[in-house]
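Student: Could you show me how to read the features of a structure, one after another? I would like the general idea and then the case in front of us.

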Amino acid sequence: MNSIPPLPVEPGCLYIDNSFLELLQTCPRQLEYNRLLHRIPAQAKPGQAFGTAGHLVLDHRYRHVGSEQPLEADESAQAAIITDFYAKTTFPEDDFRNLNWAIELFIKQYNQRYKLEPFSILTDDKGQPLIEVSFAIPWFWFDALTRTSRLFDRTTEKKESELLIVYTGRIDLIVLWRGNLVVIDHKTAKYLGNSFWDEQKVSPQQIGYCWAFWKTTGKMPFEFCINAIRTSQLPMRTPTGGYAKWWEECFHRDGDYITPATLEEWEKNAIALIEELMWHYARDYMPMKKKWCYGKYGKCGYYDVCSLPEKQRAEMLQSNLFVQNDWNPLKDKTNV
């Protein structure tokens with residue numbers, strides 16, 4: 001690209017969410033395409049779309065049933081939601097993640113595995129359950145002249161050269177479990193195993209969401225929990241231990257404990273990452289980190305863009321291979 005497009009600033013604020021931070025850590029050029037130019041691949045990966053379907057079903061269950069056992073009418077309502085989603089979403093014809101598989105996994109088997117939940121879902125001061133909770137936290141000022149940051153303080157006025165950084169996101173579920181405050185995040189993955197759990201426990205998202213709830217409410221979560229669902233295809237042959245064991249292994253929950261030191265280090269590290277973004281931005285160049293052009297999840301969605309000569313990349317991004325990125329974690333959801 002000839003120059004970096006403007007930062008997505010809305011009345012003096014730059015909104016940062018977990019995806020923004022992950023893109024920055026992975027490849028600043030990918031961040032440029034995704035968040036500054038607002039272009040994302042038109043063809044969503046089947047796994048991502050399937051995960052979205054699962055989130056819709058779980059949102060309905062916990063919002064309307066809570067920790068109780070879903071009834072047949074509840075499952076029928078869940079099936080209607082997922083059927084509507086599939087009617088609006090294109091999956092490859094030969095992909096096993098079809099409508100029937102989504103209903104079987106996310107409704108029948110999930111509700112069988114978790115008939116009654118061991119936790120109670122917290123509510124806000126209006127009595128609304130804390131499900132799919134959006135937040136926007138004024139975080140810190142970045143001074144474009146001095147290249148320094150200072151934490152947000154309502155008693156201090158903004159300088160003309162400063163930009164307010166706002167941390168945003170959406171928390172799946174906030175519960176009371178074993179007498180402790182726990183932040184739950186639903187995750188779908190083709191495989192569950194040590195590598196999956198190792199990755200989740202160091203993910204900045206989980207700690208960041210605990211930090212957000214702490215800063216917003218003054219209450220520090222005791223731990224975060226990953227509600228993991230394996231989405232791999234049902235084996236044609238009877239697996240070792242039988243199908244009952246195979247289904248049981250599709251659902252697993254794990255997490256990690258939270259301390260004030262954990263949250264403080266997350267904040268310090270995240271601010272340093274954003275300062276790095278501003279360093280690149282001031283030089284009008286977002287570098288490519290080609291280590292991540294091809295990884296364990298396959299090719300980067302912008303692999304073919306970066307393979308073109310620099311002057312041709314903008315044209316490809318504006319083609320029908322890409323669509324506008326309108327993702328907003330604050331849209332049409334409950335706010336903390």
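Student: Which residue follows α2, and what is the sign of its phi?

Tutor: Helices are DSSP runs of H or I with at least four residues, strands are runs of E with at least two, and both are numbered from the N terminus. Here α2 is followed by H38, whose phi is positive, near 60°. Please keep in mind that this is a predicted model, in which local features need pLDDT of at least 70 and side-chain atom pairs count only at pLDDT 80 or more, while totals for chains, interfaces and linings use all residues. Residues are numbered from 1 along each chain as its sequence is written, and side-chain values use heavy atoms, with hydrogens and water left out.

Student: How many of the residues of helix α2 are buried?

Tutor: A residue is buried under 20% relative accessible area, exposed over 50%, and partly exposed in between, with a 1.4 Å probe and protein chains only. In α2, which covers residues 28–36, nine of the nine residues are buried, so this helix is largely enclosed by the rest of the structure. Charged residues such as R29, E32 and R35 are on the list of buried residues, next to others including P28, L31 and Y33. These buried residues pack against α1 (18–26), β3 (39–41), α9, α10 (303–307) and α11 (313–317).

Student: What is C306 in contact with, and is this residue buried or exposed?

Tutor: Contact means heavy atoms within 4.5 Å. C306 lies in helix α10 and, at 18% relative accessibility, counts as buried. Leaving aside neighbours within four places in sequence, C306 is in contact with R29, Y33, M288 and R313, and the first two of these names also appear among the buried residues of α2.

Student: How many disulfides are found in the whole structure?

Tutor: A disulfide is a pair of cysteine sulfur atoms within 2.5 Å, and a search of the whole structure finds zero. For C225, the closest cysteine sulfur is in C210, and the 11 Å between the two sulfurs is too far for a bond. C300 is in no disulfide either, since the nearest cysteine sulfur, that of C293, is 6.4 Å away.

Student: How should I read a pair of packed helices, such as α3 and α5?

Tutor: Two packed helices are described by the angle between their axes and the distance between the axes. The axes are lines fitted to C-alpha atoms over the stretch in contact, and angles run from 0 to 180 degrees between N-to-C directions. The axes of α3 (residues 46–64) and α5 (residues 99–113) come within 10 Å and cross at roughly 35°. Among the residues making this contact are F50, V57 and R61 of α3, together with W101, L105 and Y110 of α5.

Student: Which residues touch the most other members of the largest nonpolar core?

Tutor: In soluble globular proteins, nonpolar side chains tend to be buried together. A nonpolar core is a set of buried Ala, Val, Leu, Ile, Met, Phe, Trp, Tyr and Cys residues joined through side-chain atoms within 4.5 Å. The largest one has 44 residues, of which W139, I165, Y167, W211, W266 and I274 touch the most other members. Helix α9 (residues 260–282) gives the most to this core, with eight residues. Apart from this core lies another, of 34 residues, among them F50, A53, F96 and F251.
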